[in-house]
Amino acid sequence: MTEFSLIELGKRLGQLVLSLFVLLVVTFVIGRVMPTDPVGAIVGELADPAALEAMRARLGLDLPLYQQFWIYLMGLLHGDLGNAILTGNPVMQDLRAAFPATLELATLAVILSTLIGVPLGMTAAFFRDTWIDRLARILSLVGHSIPVFWFGIVGLVIFYASLSWVGGPGRVDIYLEGLVEPRTGLLLIDSLWAGDWEVFRSAVHHIILPAAILAYSAMAYITRMTRSFTLEQLNQDYVVAARAKGASNWRILAGHILPNIAVQLVTILAISYGSLLEGAVVTEIVFSWPGIGQYMTNALMIGDMNAILATTLIIGAIFMMLNFLSDLAYLVLDPRTREVAS
Amino acid sequence: MKLFSTRFISGAALAMALSVAPAAFARTPVDQLVIGTSLAQVLSLDPQQGTEVKTQEILANTYDRLVQFSGEEGYAIRPQLAESWEVDDTGITFHLRDATFASGNPVTAADVVFSLTRLIMMDQSAAANLKNVGYTPETIADLISAPDEKTFRIEMTDSVIPESLLYRLAGGTASVVDSAVVKEHVSNDDYGNAWLRTNTAGSGPFVLRRWTPNDVVLLEANEQYWDGAPAMRRVIMRHAPESQAARLMLERGDIDVANALTAPDVLTFTDKEGFSIDEVKTGGYYVLSMNAGREPLSNPLVREAIAYGIDYQGIADTILGPYGRPRNVPVPEDFEGAIDNPDWSFQPERARELLAEAGYADGFDLTLKTIAQTPRVDMATAIQASLADIGINVSIQQGNGSDIVASHRARDFDLLIPQTGAFMPTALGSIDNFVTNPDNALEANNAGNFVWRSAWDIPELNAMRNEANGERDDARRLELLRQMQEMFIAQKPAVLPMFERFEPIVISERVHGYEGHPWSLTRLDDVTKTED
């Protein structure tokens with residue numbers, strides 16, 4: 001990489017930190033001016049105003065806003081996100097427990113959606129206006145327009161309650177709860193690590209349906225985008241030339257078009273991954289999945305600001321990191337951007 | 001490297017493929033009880049802090065109280081940690097049984113003193129029921145004592161009779177904590193609260209093994225329990241906030257008990273083989289609070305018009321189902337001393353006449369605040385529709401618990417739908433919320449008081465309530481209670497009881513001995529399970 005692109009990289013990193021700071025300020029201000037009062041949730045509905053004020057002072061919520069922000073920021077720089085009212089634990093500890101559940105679900109979903117969505121989109125474009133194309137379009141339209149919540153319930157009724165093919169809500173069969181020591185927090189990996197085949201089997205049974213449902217909505221987007229990227233390429237000279245030389249369909253798609261749309265694909269996959277991590281909220285509620293989506297929903301319900309700020313920051317940071325990484329991927333995968341840059 | 005990757009990937013793929021093969025019909029093990037519930041509001045497991053309904057079921061099983069009661073024996077007070085007690089003119093003396101905490105420490109009268117002092121000194125919502133009869137941070141040290149290791153004594157104040165004091169001591173907030181263990185975890189004068197929020201230190205039949213908020217609570221049998229180890233080796237409370245998902249889990253046998261289902265989901269279990277529905281009576285109400293500090297709700301005629309303007313039966317039939325039944329008197333109809341319901345059924349004609357008489361023939365606009373939760377949102381919509389019939393235009397404002405409760409406490413609403421519970425399963429216990437308002441002045445800022453929040457000034461009712469609370473003669477007390485109910489109706493309440501509140505629980509027939517408790521203090525030490 002040239003010196004210039006290193007400077008570019010530094011600039012991007014600087015922008016990333018600045019964006020995170022702005023996100024923090026905005027969330028903090030919105031959070032503090034919200035009418036929701038978490039203190040009521042702690043001391044209870046019947047407490048005296050004096051008890052309420054005492055708790056408010058203990059939490060530092062009686063200080064001026066700028067002072068509260070300063071304290072929060074200083075804590076943050078020391079890696080301290082404060083304590084969650086929701087659980088009484090340090091928010092960092094809660095996130096360490098909740099995030100792997102979401103990560104596991106979203107990662108499996110993005111893998112599934114990529115494995116299906118990219119080939120489907122390419123094939124649909126290649127065989128434009130045939131039945132394959134129509135099928136792909138219908139599939140992606142349905143995935144795009146039907147709410148995940150509804151899919152979740154229907155999926156549970158069919159595959160869990162009627163056919164017994166998959167496990168129900170939760171990450172594992174209930175009586176197997178707590179048998180595997182959480183090391184990475186990713187249950188599939190932890191159970192394999194512990195050599196507990198029964199827990200692993202149960203975990204796969206439980207993750208497959210929510211991951212498939214999440215993957216389907218992401219797949220709709222990936223298929224649509226891949227199809228239009230591929231269509232753009234089909235009329236290019238290099239494809240016409242490859243055809244004239246008698247290259248097989250497979251060779252044209254995989255050998256010629258795929259490398260050319262790879263950069264664009266990386267971007268949309270990054271966006272999908274970000275949205276999956278964030279958008280697992282509804283799925284997590286339907287499937288009693290103890291991830292950050294559910295954590296954040298509950299925090300919002302009682303106005304637990306430390307928890308809300310931390311989850312917002314994490315989600316914001318992930319989005320920005322993915323953006324940053326996909327920009328990097330551009331530099332690596334597409335020589336043209338490098339030439340322009342230098 | 002490449003070879004390894006290919007092998008690894010195909011191995012992993014095979015493992016996944018094998019794993020998703022149809023599972024055998026998995027039922028919960030016979031020595032583990034699995035409860036599907038909502039753990040969303042469980043913020044603290046400190047018994048002297050956590051008052052939320054679902055918290056109580058955890059506390060009920062990890063701690064003991066001096067005394068207990070259940071619906072089974074007509075709500076009679078029975079022994080728990082106290083083997084026996086004597087009531088005299090000035091107080092109650094309890095004799096404790098030989099019991100040990102899960103830590104191995106013996107349960108002593110000093111632990112009881114410590115726990116009740118802790119409750120009052122921490123001064124949170126949990127302390128309200130003892131504070132409002134005179135057990136305050138200033139008085140508590142003089143009112144409770146431990147004459148010896150196994151004897152605990154509590155003096156009565158002028159505002160309380162023995163029966164109502166015993167019920168207060170049977171509550172989850174009066175759980176006895178292991179003082180030695182708790183003292184080890186005190187930091188910043190917090191009475192050990194930070195630690196006890198997420199740990200237990202009790203003498204109950206179960207010990208908390210793990211609590212992952214919004215996910216799962218694992219309780220393990222306390223083998224040393226004084227009444228013998230429970231039959232269930234583990235109790236698992238699983239967070240299942242989505243009712244339809246919880247229903248499917250119950251039908252499939254993945255959970256044994258569901259206690260957070262919506263009304264329609266509960267109804268699907270009516271007459272379904274293998275399940276029973278326990279409609280647990282809470283003694284509390286769904287209420288319509290009207291702000292009597294605001295025009296035109298300050299006018300009793302307007303309040304009466306609204307009482308005639310709600311389709312109670314329609315709401316009960318279509319929305320509440322097993323969750324409630326219509327009742328406008330703040331004493332459940334089958335409690336001793338209850339009077340008949342007034343004729344406040346849905347009568348739009350009569351309501352319009354009353355509004356005209358009050359000078360509002362053309363109606364007016366109001367807002368209605370409610371927590372965005374089933375069944376309250378649906379109830380609000382139905383009230384909006386039927387009040388529109390009599391010319392009152394209602395706009396609904398939904399919010400989360402903190403928003404709505406904060407508005408209620410600040411008297412910042414026209415109409416609002418809260419719910420109540422009975423602090424004891426008697427007429428006196430259920431009516432208390434509705435007739436207590438010692439000082440209605442804004443400066444009194446008595447935001448913890450249910451009636452004050454509606455700015456409803458009721459000096460006579462309040463005086464009668466105080467008299468009834470101290471009246472030891474049963475017949476005279478019941479007579480006072482009847483008069484209070486009549487007067488309550490005559491004054492056109494600004495806190496209008498609409499529906500008696502029930503908590504329906506659906507139970508698999510494999511489970512035996514599960515008895516829902518009015519305050520969710522359901523004990524699980526006698527629960528057993530069978531294979532089928």
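Which residues does Arg234(B) touch, not counting residues up to four places away in sequence? The legends below concern a predicted model, and the first of them takes up this question.

**View 1. Surroundings of Arg234(B), a residue of strand β10 of chain B.** Strand β10(B) comprises residues 234-239. Beyond the four places on either side in sequence, Arg234(B) touches Ile174(A), Tyr175(A), Leu176(A) and Glu177(A) of chain A. In chain B, the residues touched are Asp31(B), Gln32(B), Leu33(B), Leu218(B), Leu219(B) and Glu220(B).

**View 2. Polar and charged neighbours of Arg234(B).** Although Arg234(B) is buried, the residue has no salt bridge. The nearest side chain of opposite charge belongs to Glu220(B), at a distance of 5.1 Å; a salt bridge would require a side-chain nitrogen of Arg within 4 Å of a carboxyl oxygen. The side chain of Arg234(B) is, however, joined to that of Gln32(B) by a polar contact of 3.3 Å.

**View 3. An open sheet of four strands in chain B.** The strands follow the order β4-β5-β7-β6, and their pairing is antiparallel. Strands β4 (82-87) and β6 (144-148) of chain B each have a single partner strand and stand at the edges, so one side of each is left without a neighbour in the sheet. On average, and with direction ignored, neighbouring strands are turned by 25 degrees against each other.

**View 4. Pairing of β4(B) with β5(B), and the helices packed on the sheet.** Strand β5 of chain B (residues 91-96) runs antiparallel to β4(B), and five bridges join the two. Val87(B) has Ile92(B) in β5(B) as its bridge partner. Helix α3 of chain B (residues 109-122) packs on the sheet, where it touches β5, β6 and β7 (151-155) of chain B. The direction of helix α3(B) makes about 170 degrees with that of β6(B). Helix α6 of chain B (residues 162-169) also packs on the sheet, touching β4, β5 and β7 of chain B. Its direction makes about 40 degrees with that of β5(B).

**View 5. Chain A, with 14 helices and zero strands.** From the N terminus on, every element of chain A is a helix. The C-alpha atoms of this chain fill a box of roughly 85 × 60 × 40 Å along the principal axes. Chain A has 342 residues, of which 47% count as buried. Of the contacts in chain A between residues at least 6 apart in sequence, 71% join residues at least 24 apart.

Definitions and conventions. Residues are numbered from 1 along each chain as its sequence is written. Chains are lettered from A and ligands numbered from 1 in the order in which they are written. This is a predicted model: local features need pLDDT of at least 70, side-chain atom pairs count only at pLDDT 80 or more; totals for chains, interfaces and linings use all residues. Side-chain values use heavy atoms; hydrogens and water are left out. Two strands pair if DSSP finds at least two bridges between them. Axes are lines fitted to C-alpha atoms, for helices over the stretch in contact, and angles run from 0 to 180 degrees between N-to-C directions. Contact means heavy atoms within 4.5 Å. Buried means under 20% relative accessible area, exposed over 50%, partly exposed in between (1.4 Å probe, protein chains only). Lys and Arg count as positive and Asp and Glu as negative; His and the chain ends are not counted. A polar contact is a pair of N or O atoms within 3.5 Å; within protein, one must be able to donate a hydrogen and the other to accept it, and residues adjacent in sequence count only if both atoms are side-chain atoms.
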